[in-house]
Structures are given as C-alpha cells and as structure tokens.
Amino acid sequence: MPQQAKAVICREWNQPVTVEEIRVDDPKRNEVMVRMHACGVCHSDLSATTGVIALPPPLVLGHEGAGEVVAVGEGVTEFAVGDRVISSFVSMCGQCGSCQSGRPVLCDTASKALWTLPDGTLRTTDGDGKPLNIFSGCGVMAEYATLHVNNVVKVTEDVPLDRAALVGCAVMTGVGAVFNTADMQPGSTAAVFGVGGVGLNAIQGCRIAGARQIIAVDMSEAKLATAKEFGATHTVLADETAAKAIRKMSGGGVDYAFECVGRGSVVETAFASLGKGGLAVIVGVAPREDKTSVRTLALPAEEKGLKGSWFGSARPRHDFPRLFGLYASGALKLDELVTHRYGIEEAPQAFEDLEAGKNARGVIVFDAMQG
Ligand SMILES: NC(=O)c1ccc[n+]([C@@H]2O[C@H](COP(=O)([O-])OP(=O)(O)OC[C@H]3O[C@@H](n4cnc5c(N)ncnc54)[C@H](O)[C@@H]3O)[C@@H](O)[C@H]2O)c1
Ligand SMILES: [Zn+2]
Ligand SMILES: [Zn+2]
C-alpha cells in the first residue's frame, strides 16, 4: 500500500529545508519499502541544499538512515517484512567489474542512482502529485522510503536503530578511510582535518587501528575537545601554521593525513603535514570547481601519496557487521556520536545546527516508539 509520509525536502538551493507530506509508492521488482526509524544529518545533505553537491531539487534528503522493512517487491528473496536495515548511499549491483573486484563503492550502477533509483525511476511524489528526486538512491530523511535492494544492508545485530543509522555514512566513511582506504599500520602517526561527524570517526578508526599519535585539527575548540574523547592524543587549531605545528609535533610529519572538510586548501595543508612516505586521504567533498595543488616532486622523491576515499572504500555487507562487532566490544563509540535527537518537524533546526557546528552528529528520529 502506498504510504503518506513526512519528509525533509530541498525545494530550492540556498533555502531552508522544508518538511512536507509526500506519497511513497509500493516497491516494484527488487525493491523494498522501509519504515524509517532514524536518519543522521550529514554535511553532504547540507551540501545538497546549497548546490555544492549538485543533485537537482526538489530532492528528498537523507542517506544515513535505518528502519524496518514493511513491504517487499517481486523477486526479493534476501529481505523480508520485519527485517531491520540500513541504507547504503552507494548502490551495489554485485555484477559489474568494480563489484566483482571487491570495490562496490565504484559500482557502475551507483553512478546511475544519484537522484533516482538505479533504473532512473522514482517512487516519491509531492502533495501535487509531482515527482520528487531522492538523495543518492536513498531519500531516507522521511518516514517511509522505497529503495532498491542494492541500496539496503540488513542489521542482524542488536544495535538501536538511531545509532545503527550512522553506520550508513559517518561511521563507515570515517573508520573505513582508516581501515580500508589507508590500510593503516599499528604504531602510525596521523592527523585528521575537520572533526565533525566523519572526522570523529576517522579519529576513532585511527585509535582502533593502533595509531600512536592522533592529531585533531579543526577551527572549533569545542570540536577539538570532543575529538579528545574519541581518541585524539593532540589537537591543533586550524590556521596557516597548522602544517608546521603538525610536522613539529610528529617529528617530521605524520604517516597519514585525513581531509574531512572538503576544501582544496585543506587538502594542501593535509599534504604539507605528511612525513616521508606519508599518505593523504581525501574524504571531504569539495565544490565541483575547487582545485588543489601539491608539490609534484614530493610524490616520487618522498614517496608521498594522495588518495581519495568514497564511503570509506566500504564493502557494506562485510564492513557493517565488523563495525557493529567493534561497537559491541566497546571499541567503537556510537552512543557518544549522537549529541542531539530531533523530531522531523525540527529538521530545519537540525540543518542550522549542523552548519553552526553544534553537534558531533545530529539525528532525526521519526517515531520515538520504534526501536
Ligand atoms: N567521501 C565520502 O564518502 C563522504 C561521506 C560523507 C561525508 N563526506 C564529506 O565529508 C565532509 C565532512 O562531513 P561531516 O558530516 O563530518 O561534516 P561536519 O560539518 O560534521 O564537520 C566538518 C568539520 O570541519 C570543520 N572545518 C571547517 N573548515 C575547516 C578548516 N578549514 N580546517 C579544519 N576544520 C574545518 C568544522 O568545524 C567541522 O567540525 C563533507 O565535505 C562531506 O560532504 C564525504
Ligand atoms: Zn554522508
Ligand atoms: Zn556493481
């Protein structure tokens, strides 16, 4: 049965998000309908409201959600009504060359599911019956969402859904940048630039991977204090002297630098903070026209590297359970990440608070009675 649902929508770039009543249609072949429990508010959602991430409005926001399957379409065998699931903002077909080579974040179909389902169609319409695009095949900042099975991962572990949701982006992206993209070796030194929702997870990824020195870099003193709680051993206020301070602190430069801001100038600072043989991992999503420059000679002569990381180079069905295992063992902090829960009507406030840097992560909870 189609569902009426409240949803958080970007109607126009550079305008506050709106909360609207929308219609979510039944799942078709290889799709599931999910009653969402919670959805984290990621900087990428904010970037979609400004056109920095240029997904066309009107757009149902949200790509970091968790909920319960309430209907399955034809041909769905791996999910059943009642399953608890997390969205994956990367659609994983399992068949293309990238999926076959173990890199589903580079899946060929993912690039087709940027603001629609993978087949280019939509199950979402507004009050006037007009189609609504969806963020990265998800659009899960809504009470209901119909997704392709390739954008859904089952949660079999006993994790509350408001925290499980964060594994759908911030946690996987930050921790995965360390575990998967950087393949960090124990005893390493690291600097993390930008310690918001993603950067804090890079910090805790470094701690779990056994880094001996973890330097948090941010413009906000409050964020730096939070970073210490997640495992930062040192903090540096972001200014033009940051790279020099980091090189001094680490005895010549760090082994790994993680850029979790999304700005070319910060990529340069991250690269300038590296020691010989160091690797800069770029996670932040910069505006399309943004560029960066590094000293070319340092790449061969000092064996330095620059590498991008998308969704923490995740293999979601393999990595999510690993992350939940780390949560169960006490190593991965999820409870502490959620610093504010919002009702859906408070979504505009949640976006304002994200922009003002008020939360580690803010989460929209759709129905406090669900679990
Ligand atoms: N690669 C991926 O797969 C992926 C996934 C999710 C998010 N992202 C991107 O990662 C970035 C961070 O997302 P988030 O949700 O953690 O954002 P956030 O707003 O929670 O955190 C950003 C942090 O960066 C800090 N900051 C801003 N300018 C800075 C500067 N010049 N130097 C140092 N710190 C600075 C802010 O104070 C804030 O603490 C965004 O660009 C987002 O789009 C990428
Ligand atoms: Zn995100
Ligand atoms: Zn694929």
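Buried means under 20% relative accessible area, exposed means over 50%, and partly exposed is anything in between, with a 1.4 Å probe and protein chains only. By that yardstick Glu21 is partly exposed, because its relative accessible area is 42%. This is a predicted model, so local features need pLDDT of at least 70 and side-chain atom pairs count only at pLDDT 80 or more, while totals for chains, interfaces and linings use all residues. Residues are numbered from 1 along each chain as its sequence is written, chains are lettered from A and ligands numbered from 1 in the order in which they are written, and side-chain values use heavy atoms, with hydrogens and water left out.

**Around ligand 1**

- There are 28 residues around ligand 1, and His43, Val198, Asp218, Phe311 and Arg361 come nearest; a residue is near a molecule or strand if one of its heavy atoms lies within 4 Å of it.
- Asp218 has a polar side-chain atom 2.6 Å from an oxygen atom of ligand 1. A polar contact is a pair of N or O atoms within 3.5 Å; within protein, one must be able to donate a hydrogen and the other to accept it, and residues adjacent in sequence count only if both atoms are side-chain atoms.
- His43 has a side-chain N or O atom 2.7 Å from an oxygen atom of ligand 1, and for Ser44 the matching distance from a side-chain N or O atom to an oxygen atom of ligand 1 is 2.8 Å.
- On its own, ligand 1 exposes 860 Å², and the protein buries 92% of that; accessible areas come from the Shrake-Rupley method with a 1.4 Å probe, and for residues only the protein chains shown count as cover.
- Three elements give two or more residues to the shell around ligand 1: α1 (43–50), α5 (197–208) and β12 (213–218). Helices (H or I, at least four residues) and strands (E, at least two) are DSSP runs, numbered from the N terminus.
- The shell around ligand 1 holds 16 nonpolar, eight polar and four charged residues. Ala, Val, Leu, Ile, Met, Phe, Trp, Tyr, Cys and Pro count as nonpolar, Asp, Glu, Lys and Arg as charged, and the others, Gly among them, as polar.
- Domain 1 (3–168 + 333–365) and domain 2 (174–310) each supply at least three residues to the shell around ligand 1, with domain bounds coming from an automatic or database domain assignment.

**The zinc ion**

- The zinc ion (ligand 2) has Cys42 (SG), His63 (NE2) and Cys169 (SG) as its protein donors, at 2.0 to 2.3 Å. Donors are N, O and S atoms within 2.8 Å of the metal (3.2 Å for Na, K and Ca), and water is not among the atoms, so sites may look incomplete.
- Along the chain, the donors of the zinc ion (ligand 2) are spaced C-x20-H-x105-C.
- His63 sits in the loop between β4 (59–60) and β5 (65–72), and Cys169 in the loop between α3 (161–167) and α4 (170–181), so the pair ties together parts that are 106 residues apart in sequence.
- His63 counts as buried because its relative accessibility is 2%, and Cys169 is buried too, with a relative accessible area of 4%.

**Backbone oddities**

- Pro57 to Pro58 is a cis peptide bond, with omega near 0 degrees, and Pro58 belongs to the loop between α1 and β4.
- Asp183 is not a glycine, yet has a positive phi of about 50 degrees. You'll find Asp183 in the loop between α4 and β11 (189–193), where Asp183 is partly exposed at 48% relative accessibility.
- Phe311, also not a glycine, has a positive phi near 50 degrees. Phe311 is in the loop between β16 (305–308) and α10 (316–328), and counts as buried at 1% relative accessibility.

**Finding your way around**

- Glu21 is in strand β2 (residues 18–24); from Glu21 to Ser87 is 66 residues in sequence and 21 Å in space, C-alpha to C-alpha.
- Ala113 is in the loop between α2 (97–100) and β7 (124–125) and is buried, with a relative accessible area of 2%. Ala113 and Phe324 are 211 residues apart in sequence and 27 Å apart in space, C-alpha to C-alpha.
- Leu299 belongs to helix α9 (residues 298–301) and is partly exposed at 31% relative accessibility.
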